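Subject: Structure handover

Hello,

Here is the structure for your files, with my notes below it.

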Amino acid sequence: MNSIERHEKIKQLLEEHQDMQVKELAREFKVSEMTIRRDLHFLEKQGSVELFFGGVRKRAAYSPISMFNEREGINYDAKRKIARKASELFLEGHHIYIDTSTTLTLLVRLIPDMKMSVVTNSLSVVMELVSRKNIDLYVAPGLYLDQYGGSFDYATVEYLRNFHFDEAFFGTSAIDPAYGITASKEIEMVVKKAVMRQSDKCYLLCDHTKLGKKHFFKMNDIYDFDALYIDDEIDEESLQKLKEMTQVVVCD
């Protein structure tokens with residue numbers, strides 16, 4: 001059976017079972033788990049499946065959350081590199097915050113099977129983690145904004161001020177080496193600033209296409225983050241400028 005036939009068969013199996021483990025699929029097709037993972041990454045990039053830790057499920061039908069997740073396909077390879085590298089930061093027993101971002105949705109799929117607490121205002125993150133029994137999941141309330149795929153209002157801010165985070169993971173759509181991180185809505189800026197004040201370590205994850213962009217509201221300077229995770233397509237000039245302000249992890 002070639003890879004094209006295998007891809008079609010995987011989709012058929014998910015129609016029957018809704019979700020399956022990588023190990024199950026490897027046994028089904030008598031191939032290695034690495035081969036199955038390559039197949040699944042291809043199907044995920046196509047938008048027909050969703051990966052989670054150790055397995056895969058059929059992508060949900062049209063909904064606000066599936067529309068948000070469609071953005072994963074934009075610069076998918078870069079986002080996947082960043083998520084894979086940043087997943088090394090997860091530690092057992094820690095209390096973490098996960099922001100709204102398609103890169104961070106990919107990140108949470110790579111959380112190992114360990115005990116931890118996660119606080120988020122992201123609907124896609126909630127959907128990824130709701131069945132993970134070892135994770136204590138806290139969901140921030142507030143007005144759902146489809147643009148961000150999560151809750152953003154002053155109820156969200158007040159709720160998040162009740163927590164202390166060992167690590168907080170953020171995404172962004174605009175980062176300028178000279179000006180810093182900006183937001184398109186004031187409430188996005190307020191929510192993220194509130195979380196950063198409650199966090200021991202703050203990490204920013206963004207692909208190279210976000211560089212050189214500015215929105216209306218100034219959120220933070222780059223040096224406010226403990227590290228910036230970015231893909232290896234970043235240009236050398238921008239890389240050197242960023243390195244002057246924070247630790248930069250280039251993900252390949």
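A residue is called exposed when its relative accessible area is over 50%, and buried when that area is under 20%. Lys 30, at 75%, therefore counts as exposed. Please keep in mind that this is a predicted model.

Confidence

The protein chain has a mean pLDDT of 90, with 94% of its residues at 70 or more. Residues 62-68 are a weak stretch: pLDDT stays under 50 there, and the model has 15 contacts for them beyond four places in sequence.

Helix H1

H1 covers residues 3-17, which is 15 residues. From first C-alpha to last it reaches 21 Å, close to the 21 Å expected at 1.5 Å a residue. Its buried residues are Arg 6, His 7, Ile 10, Leu 13 and Leu 14. These lie on the same side of H1, because they cover an arc of only 125 degrees around the axis. Ile 4 and Glu 16, on the other side of the helix, are exposed. The cover over the buried residues of H1 includes strand S1 (19-21), helix H2 (22-29), helix H3 (33-46), strand S2 (49-52) and strand S3 (55-58).

Both ends of H1 have something to note. At the N-terminal end, Asn 2 acts as a cap, with a side-chain oxygen 3.2 Å from the backbone nitrogen of Ile 4. Just after the helix, Gln 18 takes a positive phi of about 70 degrees.

His 7

His 7, found in helix H1, has a relative accessible area of 9% and is therefore buried. Its side chain makes a polar contact with the side chain of Asp 39, at 3.1 Å. Leaving aside neighbours within four places in sequence, His 7 is in contact with Asp 39, Phe 42 and Leu 43.

Helix H2 and Lys 30

In H2, the buried residues are Val 22, Leu 25, Ala 26 and Phe 29. They sit on the same side of H2, because their arc around the axis is only 100 degrees. Lys 23 and Arg 27 are exposed on the other side. H1, S1, H3 and S3 are among what covers the buried residues of H2.

Lys 30 comes just after H2, in the loop between H2 and H3. Its phi is positive, about 55 degrees, although Lys 30 is not a glycine. Most residues other than glycine have a negative phi.

Nonpolar cores

In soluble globular proteins, nonpolar side chains tend to be buried together. Here the largest nonpolar core has 35 residues, and those with the most contacts inside it are Tyr 97, Phe 170, Ile 175, Phe 225 and Leu 242. Elements that each supply at least two residues of this core include helix H8 (154-160), strand S9 (165-171), helix H9 (186-197), strand S12 (199-205) and helix H10 (236-243). H9 gives the largest share of this core, seven residues.

What does Leu 242 touch, not counting residues up to four places away in sequence? The residues are Ile 175, Pro 177, Leu 211, Ile 222, Leu 228, Ile 234 and Val 248.

A second, separate core has 26 residues, including Phe 90, Met 116, Val 118 and Cys 251.

Regards

Note on methods: Residues are numbered from 1 along each chain as its sequence is written. This is a predicted model: local features need pLDDT of at least 70, side-chain atom pairs count only at pLDDT 80 or more; totals for chains, interfaces and linings use all residues. Side-chain values use heavy atoms; hydrogens and water are left out. Helices (H or I, at least four residues) and strands (E, at least two) are DSSP runs, numbered from the N terminus. The expected span of a helix is 1.5 Å times one less than its number of residues. Buried means under 20% relative accessible area, exposed over 50%, partly exposed in between (1.4 Å probe, protein chains only). The arc is that of the directions from the helix axis to the C-beta atoms. Contact means heavy atoms within 4.5 Å. A polar contact is a pair of N or O atoms within 3.5 Å; within protein, one must be able to donate a hydrogen and the other to accept it, and residues adjacent in sequence count only if both atoms are side-chain atoms. pLDDT is the predictor's confidence in each residue, from 0 to 100. A nonpolar core is a set of buried Ala, Val, Leu, Ile, Met, Phe, Trp, Tyr and Cys residues joined through side-chain atoms within 4.5 Å.
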